[in-house]
Amino acid sequence: MIIIGEKINGSIPSVAEAIANRDADFIKQRALVQANANATFIDCCASVPEAEEVETLKWMIDCIQEVTDLPISVDSPSPDVLIEAYKFCKRPGLINSVSMEGDKIDKIFPVIADTDWEVVALCSDDTGIPKTAADRLRVFDNIMAKAKEYGIKPSRLHIDPLVEMLCTSEDGIAMNIEVISTIRKQYPDIHITAAVSNISFNLPVRKLLNMSFTVLAMNYGLDSAILDPTNRDMLGLIYATEAMLGKDDFCMEYIEAYRDGLFGPKK
C-alpha cells in the first residue's frame with residue numbers, strides 16, 4: 001500500500017499554529033515520525049491564503065527535507081501554487097491534486113509531463129462532485145484522455161474516486177466500489193487513492209469505519225491512501241489485508257513490519 005502521510009496539514013489546528021509561529025521543530029518532528037512509520041510520501045499542505053502559500057510551502061518543504069529523504073506530496077487547491085512549490089523539492093514526489101475542474105490539468109500536466117513526478121487526480125469537474133458512479137467514471141475517462149495527450153503513463157496517476165461521508169450515502173460504499181473496481185480492471189498499473197477518513201465524518205468511533213472501509217476498498221483495488229501512518233492499528237490492518245489478498249509473498253512484509261514495531265504491542 002502506498003501511504004501518503006497526512007499529519008502536516010494546515011487544516012489541523014496544531015499544525016496551523018506551528019505554521020503561524022514558524023515552529024520548524026514541530027514540522028520536522030511530524031515529518032520524522034511519519035517517515036519512521038513507513039510512509040511512502042509526506043503530504044505538505046499549508047492551508048493559508050493563496051498569496052502566502054508559495055512562501056509558506058517553501059518553508060514547510062525545507063523543514064521536511066532537513067529530516068527525511070522521503071518524497072513529498074505537494075498539496076494545494078491552486079495549480080499556480082503547485083507549479084511554483086514543486087520546484088522546492090529535491091526529488092520527484094506527488095502533485096496533490098488536479099481534476100477536470102477549470103484548467104487545472106492543462107496547467108499541471110504539461111509541467112510534469114517529462115519528469116518523474118506523480119499526480120493525484122480527482123474524479124470531479126466543473127459540475128462539482130458527480131453523484132453517480134457512471135458520472136465519476138465519465139470524468140475519469142476525460143482525465144485519462146488528458147494523460148494520454150500529455151504522455152503521462154497510468155502508473156504515474158493516483159486516481160481519487162472521492163470518498164464522501166457514509167452517513168449521507170444512500171448506498172453505503174457501493175458507488176465507490178463500482179468506481180474503484182472498474183478503474184482497476186481497465187488500468188492494472190494505475191494507482192487508486194483515497195482520503196479514507198472522509199468516510200466516517202459525523203459518526204462515532206470513526207476509526208472502526210475507517211479501517212472497515214480500507215479493507216473493503218483494498219479488496220477491490222485501492223492501493224494508495226491518505227492517512228495517518230502512525231496509527232498502529234490501521235497500519236497493522238493494511239499489512240494484514242495485503243497478506244490476505246496474496247500481495248505479500250509468504251507474509252514477509254507483514255513479518256518485517258511487525259519486527260520493526262510498526263504495529264502490534266509497543267516494544
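The lining of the largest pocket comprises 14 nonpolar, 13 polar and eleven charged residues. This description refers to a predicted model. The space enclosed by the largest pocket amounts to about 990 Å³, and 38 residues form its lining. Those lying nearest the centre of the largest pocket are Asn9, Asp75, Ala195, Asn198 and Ile226. Two or more lining residues are given to the largest pocket by each of the strands β2 (41-45), β4 (94-100), β5 (118-125) and β8 (224-227), as well as by the helix α8 (206-220). Of these elements, β5 provides the largest share of the lining, with four residues.

In general, empty space left among the atoms is revealed by rolling a probe the size of a water molecule over them. The second largest pocket was also examined in terms of its volume, lining and contributing elements.

About 330 Å³ of space lies in the second largest pocket, the lining of which consists of 16 residues. Nearest the centre of the second largest pocket are Lys131, Glu164, Ser169, Asp171 and Met175. The elements supplying two or more residues to this lining are the helices α6 (133-150) and α7 (174-186). The largest share, three residues, is contributed by α7. When divided by class, the lining of the second largest pocket contains six charged, five polar and five nonpolar residues.

Key. Residues numbered from 1 in each chain as written. Predicted model: local features only at pLDDT ≥ 70, side-chain atom pairs only at ≥ 80, totals over all residues. Heavy atoms only, no water. 1 Å grid on protein atoms, 1.4 Å probe; cavity = no way out; pocket = protein on both sides within 12 Å on 5 of 7 lines; lining within 4 Å. Points joined across faces, edges and corners; volume = space filled by probe spheres on them. Nonpolar A, V, L, I, M, F, W, Y, C, P; charged D, E, K, R; others polar.
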